[in-house]
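Student: Please choose one part of this structure and take me through it slowly, in connected sentences. I would also like to hear how that part is related to the rest of the chain.

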Amino acid sequence: MHAAVDLGASSGRVVLGRVGPDTLEFHESARFSNGVVPMPDGLHWNLVGLYEQALAGLGAAVRETGGELASVAIDSWAVDYGLLAGTDSSKMQLLGTPFHYRDERTAAGVEKVHRSVAFEELYRRNGLQFLPFNTLYQLAQEGLASHADRLLLVPDLLGYWLTGEQLTEVTNASTTGLLDVHTKAWDTELMSRLGLSADLFAPVAVPGETLGQTRAELAPLLGGKQLPVTLVGSHDTASAIVGTPLSTEDAAYISCGTWGLVGLELDSPVVTDASRAANFTNEGGVDGRTRFLTNVMGTWLLSETLRTWEREEGKSQDLVGLLDAAAHVRSDAVVVFDVQDERFVAPGDMPARIGQLCTEQDLPIPAGKAELVRSIVESIAAGFARALSTAGELADRRVDVVHMVGGGSLNALLCQATADRSGYPVVAGPVEATAIGNLLIQARTAGTLSGSLEDLRELIIRTHSPITYRPQS
């Protein structure tokens, strides 16, 4: 048995998995909340609380398995970090409360970085699309950086608290903007130009390495055990792509949750002027693969819309019922808007922002809830379709099928709309691709499984039944 600690922007959980040559079974052992903490100086994460909940979840997993837990591993969202200080590497202190990537402080950081290094050069060096919250932009506005001795990204920070060991897993390191896209090593010359000390960053490690054993003092919380902590694709999208049963060489993927990560798995990065202009990124994947993708606004628009209605009406909203009502609204009868507009990034009143955009562009404002939900779904699907087409062109691939995984794969209306607007069949599932990818790499590291990513994905194909949506219009 293996335990995957999977941390998302709104919740975290511990997933227990039993994995073997013909077995892939898993279930959620613990779930806990996560989210934005608004403080006087901006938006933050409660990472200490998240660690506490993850530790409790691991304790529950140990009890559930009767102590037969072979290993644990952590994946989470990218770019955010904690800063540590201290001379004893095993007992460093967290400085401040880590910022949330949606905090507005990074706007000024973008300008500072680009004054030192133009974006064109950055792209040649790190291969990353422009996102104003990438780690290097956050660090340009980080008041505590000069007091810190170590920076650890979120999953590496929690791994450090579990083991006392400090490493930076490569798939998450690749999202910082400070990793060389070709060598997969820290770009120390770029760090120097940005006024960052290379000593701030822990050594880079790859999935399949063992970070260490859980600290002895944690044993009473873990059934008296010290557990191996394995490095997997610690960027949740990297694990999700491992857990995506790509069925052809030209298959594309959409890892759909808060964001829709739309792209292709490649053997090498695509760092061209055209890919830079299209805002495509080259992030590190497991086994040295490249995740060539772009971020498209995902179900965040729907969830924030529902939260707005809940605040206004003082009652919960029925997403399933709203999607059912939206399915009866004709797709050509609603406005399709640009989901990539920057006004949609921060939390807030999405219906009002969508109405504002429609007014500015002389578009009809959706008349009711069902119309607005259908408009949002069709707009997300249109964004996915554009990204799929562009990915194929830039990588010289003839996309023939799209695999949608993550929570968005449960949204039948979105899957069908994506098939209709892209012209490709959409194969939906598994929903739990991230946890599956995490568990598969743990099992391979433990020797239970072997082979390439394609071999691991064959196990998913044999044990799971996806749903295929074919273009209808």
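Tutor: Let us begin with a pair of strands, β16 and β17 (residues 290-297), which run antiparallel and are joined by 4 bridges; please keep in mind throughout that what you are looking at is a predicted model. The two strands form a hairpin with 5 residues between them, and in that turn aspartate 287 has a positive phi of about 60°. To see how the strands are matched, find asparagine 282, which stands opposite phenylalanine 292 in β17.

Now consider the two sides of β16 itself. In a regular strand the side chains alternate between the two faces of the sheet, so it makes sense to ask about each face separately. On one side of β16 lie Thr281 and Glu283, on the other Asn282 and Gly284, and all of these are buried, so that both faces of the strand are covered.

One element that meets this strand is helix α3, since β16 (281-284) is among the elements that cover the buried residues of α3. The others in that cover include α2 (106-116), α4 (135-140), α7 (188-193) and α9 (273-277). Helix α3 spans residues 119-126 and is mostly covered, with 6 of its 8 residues buried. Those buried residues are Phe119, Glu121, Leu122, Tyr123, Arg125 and Asn126. An α-helix has 3.6 residues a turn, so residues three or four places apart point the same way. With that in mind, you can pick out Leu122 and Asn126 in the list of buried residues. After the helix comes glycine 127, whose phi is positive, near 70°.

A second strand to compare with β16 is β14, where 5 of its 5 residues are buried. Here too both faces are covered: Ala252, Ile254 and Cys256 are buried on one side, and Tyr253 and Ser255 are buried on the other. Strand β14 has two partners that we can follow. With β18 (residues 402-405) it pairs in the parallel sense over 4 bridges, and there the bridge partner of isoleucine 254 is methionine 404. With β15 (residues 259-266) it pairs in the antiparallel sense, again over 4 bridges, and the bridge partner of tyrosine 253 in β15 is glycine 263. A hairpin joins β14 to β15 through 2 residues.

If you step back along the chain from β14, you come to glycine 243, which is found in the loop between α8 (236-242) and β14 (252-256). Is this loop residue buried or exposed? Its relative accessibility is 0%, and because buried means under 20%, glycine 243 counts as buried. Leaving aside residues up to four places away in sequence, glycine 243 touches Pro430, Ala433, Ile436, Gly437 and Ile460. Its C-alpha atom is separated by 27 Å from that of histidine 100, a residue 143 places away along the chain.

Among the residues that glycine 243 touches is Ala433, and helix α15 covers residues 433-446, where glutamine 442 also has its place. Glutamine 442 counts as buried because its relative accessibility is 1%. Its side chain reaches the backbone oxygen of alanine 3 at 3.1 Å. Apart from residues up to four places away in sequence, glutamine 442 touches several others, including His2, Ala4, Ser71, Val72, Thr230 and Val232.

Finally, let us place these parts in the whole chain, which has 16 helices and 20 strands. Buried residues make up 59% of its 473 residues, and residues 24 or more positions apart account for 71% of the contacts with a separation of 6 or more. A compact globule of 473 residues would have a radius of gyration near 23 Å, and because the chain has 22 Å, the value agrees with that expectation. The C-alpha atoms fill a box of roughly 60 × 55 × 50 Å, taken along the principal axes. The chain exposes about 18500 Å², of which carbon and sulfur atoms supply 49%.

How values were computed. Residues are numbered from 1 along each chain as its sequence is written. This is a predicted model: local features need pLDDT of at least 70, side-chain atom pairs count only at pLDDT 80 or more; totals for chains, interfaces and linings use all residues. Side-chain values use heavy atoms; hydrogens and water are left out. Buried means under 20% relative accessible area, exposed over 50%, partly exposed in between (1.4 Å probe, protein chains only). Contact means heavy atoms within 4.5 Å. Two strands pair if DSSP finds at least two bridges between them. A polar contact is a pair of N or O atoms within 3.5 Å; within protein, one must be able to donate a hydrogen and the other to accept it, and residues adjacent in sequence count only if both atoms are side-chain atoms. The radius of gyration is taken over C-alpha atoms; the globule rule is 2.2 Å times the number of residues to the power 0.38. Accessible areas come from the Shrake-Rupley method with a 1.4 Å probe; for residues, only the protein chains shown count as cover.
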